[in-house]
Amino acid sequence: MINKSWRQKSIEFSKTMQSPKLDFYVTVPGRVSQLIEDKNGIYKEVISPGAFQESIIKNGVVPIYLNHIRKLADIDKVELWEDAIGLRCIAEINDIDLLAKILCGKIKGCSFSFHSIREETVDNFPYRIRNIKKLKLNEVSIVDDTMEPVHHSSSLMSAVIPDKLQVKI
């Protein structure tokens, strides 16, 4: 049985082995977010289906971060597209801390940052709904247990970790 205690694990891998690959959905367009607050009050957000793919076609793929702060993968290690389910990502991520968090169950989901290009806002007391029709995607983030994703429709489907990876407990 694997001990899930964060401080008792260490991970090692050699520079010659294949990098771990993560396969995950960042979010599902069309779903309503959690409550968000800005200078104008509280609102919920909905990203229109197709908005992510349009941004990727026009602007290219984006890097992957941890908690919107630390870069995990450059664009040459990232596949990103919107399919019938949502915004999907497959990335080679060679980050020991992230792998430890995955193995210890410390990942809460995903997030993303963007600039709205076209949106519609609908008042829906007690909050408004912000419908994002067109956007420019800036980055995708894997979110650990120190943050709370606003869009809760993400899923880490698989983490292919090479056999030579050693987990010390």
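**Helix 2, the nonpolar core and salt bridges in the predicted model**

Helix 2 is followed by G105, which has a positive phi near 70°. The model described here is predicted. At the N-terminal end, helix 2 is capped by D95, with a side-chain oxygen of this residue 3.2 Å from the backbone nitrogen of D97. Within helix 2, the residues L98, L99, A100, K101 and I102 are buried.

A second positive phi, near 55°, is found at N67 in the hairpin of strand 5 and strand 6, where three residues lie between the strands. Strand 5 (residues 64-66) pairs with strand 6 (residues 70-73) in the antiparallel sense, and the pairing runs over three bridges. One of the residues involved is L66, whose bridge partner in strand 6 is R70.

The largest nonpolar core has 28 residues, of which I64, L80, I93, L137 and V140 touch the most other members. Strand 10 gives the most to this core, contributing five residues. When residues up to four places away in sequence are not counted, V140 touches F24, V26, V62, P63, I64, Y65, L80, L87, S111 and F112. Two of the residues touched by V140, namely I64 and L80, are also listed with V140 among the core members that touch the most others.

T27 belongs to strand 2 (residues 21-27). The relative accessibility of T27 is 1%, and because the limit for a buried residue is under 20%, T27 counts as buried. Apart from neighbours within four places in sequence, T27 is in contact with F52, G86, L87, F112, H151 and S153. L87 and F112 appear both in this set and among the residues that V140 touches.

Side chains of opposite charge can pair when their charged atoms come close. The structure holds 11 salt bridges. In one of them, the side chains of R128 and D38 meet at 3.1 Å, N to O. This pair links distant parts of the chain, since R128 is in strand 10 (residues 127-144) and D38 in strand 3 (residues 36-38), 90 residues apart. R128 is buried, with a relative accessible area of 15%, whereas D38, with a relative accessible area of 30%, is partly exposed.

Another salt bridge joins the side chains of R130 and E45, at 2.9 Å from N to O. Here too the pair links distant parts of the chain: R130 is in strand 10 and E45 in strand 4 (residues 41-47), 85 residues apart. Both R130 and E45 are buried.

The side chains of D145 and K106 form a further salt bridge, with an N to O distance of 3.7 Å. D145 lies in the loop between strand 10 and strand 11 (155-160), and K106 in the loop between helix 2 (96-103) and strand 9 (107-124), so the pair ties together parts that are 39 residues apart in sequence. D145 has a relative accessible area of 40% and is partly exposed. K106, at 25% relative accessibility, also counts as partly exposed. Salt bridges that share partners join E45, E119 and R130 into one network.

Methods. Residues numbered from 1 in each chain as written. Predicted model: local features only at pLDDT ≥ 70, side-chain atom pairs only at ≥ 80, totals over all residues. Heavy atoms only, no water. Helix = DSSP H or I, 4+ residues; strand = E, 2+ residues; numbered from the N terminus. Buried < 20%, exposed > 50% of the residue type's maximum accessible area, 1.4 Å probe, protein only. Contact = heavy atoms within 4.5 Å. Salt bridge = Lys/Arg side-chain N within 4 Å of Asp/Glu carboxyl O. Pairing = 2+ DSSP bridges. Polar contact = N/O pair within 3.5 Å; in protein donor to acceptor, adjacent residues only side chain to side chain. Core = buried A, V, L, I, M, F, W, Y, C linked by side-chain atoms within 4.5 Å.
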